[in-house]
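Please look through the sequence and the 3D structure shown here before reading on. The report that follows takes up open and enclosed spaces, nonpolar cores and a few single residues.

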Amino acid sequence: MTAATRSMAGRLPLLIALRIRMEVLEWSGSWWFLLTLVVQAILGPLIGMFVWSAVYPDDPYVATYYVALLLVTVMTESFEQFTFSEKVYDGTISHDLLRPQPVVVNVIGTNLAIRLWLMIMGIPLALLTGLAFGVSLTWTAVLAAVPVFVLAATLSFCWIFLLSLTAFWTERVHAIVGFGWALNTLLGGTIAPLAFLPGPLREVGQVLPFYGMLGLPADVAAGRVHGLAPLLTGLGYQAAWITVFVVAAVLLWRAGVRRYTVVGA
């Protein structure tokens, strides 16, 4: 690693922090739009909670799981198909390419700023839902879920960013990300907790990346996942999928930049 590379790596946290501050201020005037994003994010878990509470009215796990899922969802949502892909379409990604910093710095900073706003608006709604259903999360389970949540947030960002990179090849990136979101909703534990699926299907779902984005941190926070071994297994799956997505994103980025052209660039 060269001295310039080491210097840039050391400056990355500061550059991301500055970007977060700028984006938080810019998004402060769009709170109606942010509220729409929050409502969109919590709608799926709320519907799942109502449906499965009607099916299993005496099972306290249902409400606890879906309140935890509400919290996970508002804290891990990603929107790179809007914040990144649109820059590819209108050519403003050229400005980021000319800056003496990795383009992903702005992408990460914007992602974290939007998540901060979603947390400010979404966490009170999740807590109110928990109070309405008489849900109480234990501190030991919440603390155990922290590392799982961090990897889940990273995994969700890598997944959406990877899909958003297809903007270099197609104008249908929103359809592609929408398909990815549907997979996440179907297999991640929003439509139904993986615990309610048949054995073979549940085992397959636990290996796929979607459970690591939503269902796993919700299950850990709800106290469904006990012991160090299953926790480490889940963390291992999350880390493995993050590695796969990062490698794929790097390859797609390099290929995309090579074919990227814009008038005046």
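## Pocket, cavity and cores

The largest pocket is lined by 24 residues, and those lying nearest its centre are Val104, Ile108, Phe157, Cys158 and Phe161. Since this is a predicted model, the features described here belong to that prediction. Two or more lining residues of the largest pocket come from each of helix H1 (3–27), helix H7 (104–132), helix H8 (139–164) and H13. The largest share of this lining, eight residues, is supplied by H7. The volume of the largest pocket is about 650 Å³, and its lining, sorted by class, consists of 21 nonpolar, two polar and one charged residues.

Cys158, one of the residues nearest the centre of that pocket, can also be placed relative to a residue further along the chain. Valine 244 lies in helix H13, which spans residues 228–259, and although valine 244 and cysteine 158 are 86 residues apart along the chain, their C-alpha atoms are separated by 9.5 Å. Valine 244 counts as partly exposed because its relative accessibility is 44%, a value that falls between the limits of 20% for buried and 50% for exposed.

Besides the pocket, the structure holds one cavity of 30 Å³ or more. Which residues line the largest cavity? The lining is made up of Thr83, Phe84, Lys87, Ile93, Asp96, Val103, Asn106, Val107 and Thr110. Helix H6 (93–98) and H7 are the elements that give two or more residues to this lining, and H7 gives the most, with three residues. About 50 Å³ of space lies in the largest cavity, and by class its lining has four nonpolar, three polar and two charged residues.

Two of the residues lining the cavity, Thr83 and Phe84, can be followed through their contacts. Threonine 83 is found in helix H4, residues 80–83, and, leaving aside residues up to four places away in sequence, it touches Thr110 and Ile114. Thr110 is itself among the residues that line the cavity. Phenylalanine 84, with the same sequence neighbours left aside, touches Ile93, Val103, Val107, Phe161, Ser164, Leu165, Phe168 and Trp253. Among these partners, Ile93, Val103 and Val107 also line the cavity, while Phe161 is one of the residues nearest the centre of the largest pocket.

Phe84 also belongs to the largest nonpolar core, which has 48 residues, and Tyr66, Phe84, Trp159, Met213 and Phe245 touch the most other members. At least two residues of this core are supplied by each of helix H2 (31–55), helix H3 (60–76), H8, helix H9 (173–187), helix H11 (209–213), helix H12 (215–221) and H13. H8 gives the most to this core, with ten residues. Apart from this core lies another one, of 18 residues, among them Leu70, Ile114, Trp117 and Leu118. Ile114 is also one of the contacts of threonine 83.

The table below lists three buried residues with their relative accessibility.

| Residue | Relative accessibility |
|---|---|
| Threonine 83 | 19% |
| Serine 94 | 11% |
| Aspartate 219 | 3% |

Why does threonine 83 count as buried? Its relative accessibility is 19%, and buried means under 20%, so threonine 83 falls within that limit. Serine 94, which lies in helix H6, counts as buried because its relative accessibility is 11%. Serine 94 and threonine 261 are 167 residues apart in sequence, and their C-alpha atoms are 9.1 Å apart in space.

Aspartate 219 lies in helix H12 and is buried, with a relative accessible area of 3%. Apart from residues up to four places away in sequence, aspartate 219 touches Tyr61, Tyr65, Tyr211, Arg224 and Val225. Measuring from C-alpha to C-alpha, aspartate 219 and aspartate 90 are 41 Å apart in space, with their positions 129 residues apart in sequence.

Finally, an unreviewed UniProt entry carries the annotation "transmembrane region" for residues 31–55, 61–79, 116–135, 141–163, 175–196 and 235–253. Over residues 31–55 the chain is 100% helix and 0% strand, and the end C-alpha atoms are 36 Å apart. Over residues 175–196, by contrast, the chain is 59% helix and 0% strand, with 29 Å between the end C-alpha atoms.

Note on methods
Residues are numbered from 1 along each chain as its sequence is written. This is a predicted model: local features need pLDDT of at least 70, side-chain atom pairs count only at pLDDT 80 or more; totals for chains, interfaces and linings use all residues. Side-chain values use heavy atoms; hydrogens and water are left out. Helices (H or I, at least four residues) and strands (E, at least two) are DSSP runs, numbered from the N terminus. Buried means under 20% relative accessible area, exposed over 50%, partly exposed in between (1.4 Å probe, protein chains only). Contact means heavy atoms within 4.5 Å. UniProt positions are given in the numbering used here, feature names are shortened, and annotations may be inferred rather than shown by experiment. On a 1 Å grid over the protein atoms alone, a cavity is a set of points where a 1.4 Å probe fits but cannot get out, and a pocket is an open set with protein on both sides within 12 Å along at least five of seven lines; lining residues have an atom within 4 Å of a point. Grid points are joined across faces, edges and corners, and a volume is the space filled by probe spheres set on the points. Ala, Val, Leu, Ile, Met, Phe, Trp, Tyr, Cys and Pro count as nonpolar, Asp, Glu, Lys and Arg as charged, and the others, Gly among them, as polar. A nonpolar core is a set of buried Ala, Val, Leu, Ile, Met, Phe, Trp, Tyr and Cys residues joined through side-chain atoms within 4.5 Å.
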